[in-house]
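Hi everyone, thanks for coming. Today I'd like to walk you through some charged side chains, so have a look at this one with me.

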Amino acid sequence: MAAAIPKDSLVLVTGVNSYIANHVADQLMEAEYRGLSALLESKFGKDRFEFVTVTVMSHDGVFGEAIKGTIARVSGVAHVASNTTFDPDLTQEFSIDTNTWNEACIKEACAPPPYSSERAWAVYTASKTGAEKAFWKGFKEQKPAFATDSILPNINYGTILANGEVVTTAKWVKNVQDCARLYVACLIDPDVQKGRIFAFPEPFNFDKVLKVLYNLRPDRKFSADFVGDNVRDQSSVTNERAIELLKVLGKLGLKYG
């Protein structure tokens, strides 16, 4: 299969100083592409990446302005950056597919004052939903010549490239490197177009995390279980396409942390 963009092409990765975007840039360069980004010099060398600075991403046109001298050389874009200026009920069963949108968070975020700190998470999640809806609306209206897809990741666990520690970002969980590889797959696989890719391998709760910690550090004292192992996210997600794409890249499906 010929790649949609040739190796050694320049790929723009936004928000590369963040956890997931950092891994997207890393996986792109592992796949022999170059990154328009700001990290990984010690691993790949200065000739493998460039970087530009966006100081306030909420302003209109800031990304276009930042790369206007470079855009002619860019073959692909992985837009991972998000404006982060943030149903507790896990017993309710529901399904998530490519027609599902988190309208509840938008309604909560846009509700009238007071604007208290309790609304912060709704604002954060609404920014994700609103950005993707605007993305697909613009694509439908302007009909650009390039292909496009969106990746919808949930919680990411894995290595921090800067110092090798293990962390999470955010009720489904995945390996952050697999999440990053999905961005690469959407950029280089010519058969992937106009899709919403759900990076949701398996549901979990933090009691499962505690069990991992118990095994890793038996000498340490940790908190008691939070909710009990019988309390889990009851949603179902159409994640088959993500697993297929990782298999195309030679991986055995989505990994658990």
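R241 is partly exposed, at 32% relative accessibility; buried here means under 20% relative accessible area, exposed over 50%, and partly exposed in between, with a 1.4 Å probe and protein chains only. Its partner E244 is partly exposed too, at 41%. R241 and E244 form a salt bridge, with the closest N and O atoms 3.2 Å apart; that term means a side-chain nitrogen of Lys or Arg within 4 Å of a carboxyl oxygen of Asp or Glu. They sit three residues apart in helix α8 (residues 240–248), so about one helical turn separates them.

Quick housekeeping: this is a predicted model, where local features need pLDDT of at least 70 and side-chain atom pairs count only at pLDDT 80 or more, while totals for chains, interfaces and linings use all residues. Residues are numbered from 1 along each chain as its sequence is written, and side-chain values use heavy atoms, leaving out hydrogens and water.

So how many salt bridges does the rule give? Six.

Another one joins D178 and R181, at 2.9 Å from N to O. These two are three residues apart in helix α6 (residues 176–188), again about one helical turn. Helices are DSSP runs of H or I, at least four residues, and strands are E runs of at least two, numbered from the N terminus. D178 is buried at 0%, and R181 is buried at 11%.

Last, K7 pairs with E32 in a salt bridge at 3.9 Å between the closest N and O atoms. This pair links distant parts of the chain, 25 residues apart: K7 lies in the segment before β1 (10–14), E32 in the loop between α1 (19–30) and β2 (34–36). K7 is exposed at 54%, whereas E32 is partly exposed at 47%.
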